[in-house]
Amino acid sequence: MNTIIGTYECKADGKGRLLLPAPLKKQLSASLQDGFVLKRSVFDKCLELWPMAEWNLMMAKINKLNRFNKKNNDFIRKFMAGVKVVEIDEVGRLLVAKDLAAYSSIVKDVVFSSKVNIVEIWDKNLYEQSIAGGDDDFADLAEEVMGDVNDDDHGIS
């Protein structure tokens, strides 16, 4: 698993293309040849850019689901809704399909935000709203999510 780092801003052009910022393009360079999957996020009105290697790992997990279970089938359908195989061209541009741009409200100002091994692509205003909130809110969330993690080997807690 490759860890992607950073938050970057760019602008969409009139054709729906996004020019990847150079530091992000460099981090994704190992995945350029294999391509990417672009899809709707499960939890937010943003898009997710999956390097093909990461996508294949997720598909291996999803393929283990019993499709004769209605909840599994419904999940697969919704998870796969709008999925597109995409490439980043030689200039470093990514074309966002119109249906995905409409879903995520991406028109002009865009934020690329790392999400460990994938990249979220947000309308800038929606991104700012998603991270808004007081420091106390984030502190409470951090405690709830990470408070029981004890990794003495690496000095994290």
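**Figure 1. Gly 92, a buried loop residue in the predicted model.** Gly 92 is buried, its relative accessible area being 0%, in a model that is predicted. The residue sits in the loop that connects β5 (84-86) with β6 (93-95). Although Gly 92 and Tyr 103 are 11 residues apart along the chain, their C-alpha atoms are separated by 23 Å.

**Figure 2. Overall arrangement of the protein.** The secondary structure comprises 6 helices and 8 strands, and the order of these elements, read from the N terminus, is β-β-α-β-β-α-α-β-β-α-β-β-α-α. Taken along the principal axes, the box filled by the C-alpha atoms is roughly 45 × 45 × 30 Å. Of the 157 residues in the protein, 34% are buried.

**Figure 3. The largest nonpolar core.** The largest nonpolar core of the protein contains 24 residues, and those with the most contacts inside it are Leu 18, Leu 24, Leu 38, Leu 47, Leu 49, Phe 112 and Ile 121. Two or more residues are given to this core by each of β1, β3 (36-40), β4 (47-51), α4 (98-104), β7 and β8 (118-123). Helix α4 provides the largest share, which amounts to 3 residues.

**Figure 4. Salt bridges that involve strand β1.** Side chains of opposite charge can pair when their charged atoms come close. In this view, Glu 9 forms a salt bridge with Lys 124, with 3.2 Å between the closest N and O atoms. Because Glu 9 belongs to strand β1 (residues 7-11) and Lys 124 to helix α5 (residues 124-131), this pair ties together parts that are 115 residues apart in sequence. Lys 124 itself is partly exposed, at a relative accessible area of 26%. A further salt bridge joins the side chains of Lys 11 and Asp 109, with an N to O distance of 2.4 Å. Here Lys 11 lies in strand β1 and Asp 109 in strand β7 (residues 109-115), so this pair links parts that are 98 residues apart in sequence. With a relative accessible area of 31%, Asp 109 is partly exposed.

**Figure 5. A salt bridge within helix α3, and a salt-bridge network.** The side chains of Lys 70 and Asp 74 meet in a salt bridge, for which the N to O distance is 2.9 Å. Both residues belong to helix α3 (residues 70-80), and because they are 4 residues apart there, about one helical turn separates them. The two partners fall into different classes of accessibility, since Lys 70 counts as exposed at 60% relative accessibility, whereas Asp 74 counts as partly exposed at 25%. Elsewhere, Glu 48, Lys 115 and Glu 120 are joined into one network by salt bridges that share partners. The count of salt bridges comes to 9.

**Figure 6. A negative surface patch.** Asp 136, Asp 137, Asp 140, Glu 143, Glu 144 and Asp 148 together form a negative patch on the surface. One of these residues, Asp 148, is found in the segment that follows α6 (135-146). Asp 148 counts as exposed because its relative accessibility is 76%, the cut-off for that class being over 50%.

**Figure 7. A nonpolar surface patch.** Phe 138, Leu 141, Val 145, Met 146 and Val 149 make a nonpolar surface patch of about 500 Å². Among them, Met 146 has its place in helix α6, and this residue is partly exposed, with a relative accessible area of 48%.

**Figure 8. Two loop residues with positive phi.** Ser 105 is not a glycine, yet its phi is positive, at about 60°. Ser 105 occupies a position in the loop between α4 and β7, where it counts as partly exposed at 37% relative accessibility. Val 116, likewise not a glycine, has a positive phi of about 65°. The loop that holds Val 116 runs between β7 and β8, and at 47% relative accessibility Val 116 counts as partly exposed.

Terms used. Residues numbered from 1 in each chain as written. Predicted model: local features only at pLDDT ≥ 70, side-chain atom pairs only at ≥ 80, totals over all residues. Heavy atoms only, no water. Patch = residues over 30% accessible without salt bridge, like charges linked within 9 Å, V, L, I, M, F, W, Y side chains within 5 Å. Areas by Shrake-Rupley, 256 points an atom, 1.4 Å probe, with all protein chains shown as cover. Salt bridge = Lys/Arg side-chain N within 4 Å of Asp/Glu carboxyl O. Lys, Arg positive; Asp, Glu negative; His and termini not counted. Charge placed at Lys NZ, Arg CZ, Asp CG, Glu CD. Buried < 20%, exposed > 50% of the residue type's maximum accessible area, 1.4 Å probe, protein only. Core = buried A, V, L, I, M, F, W, Y, C linked by side-chain atoms within 4.5 Å.
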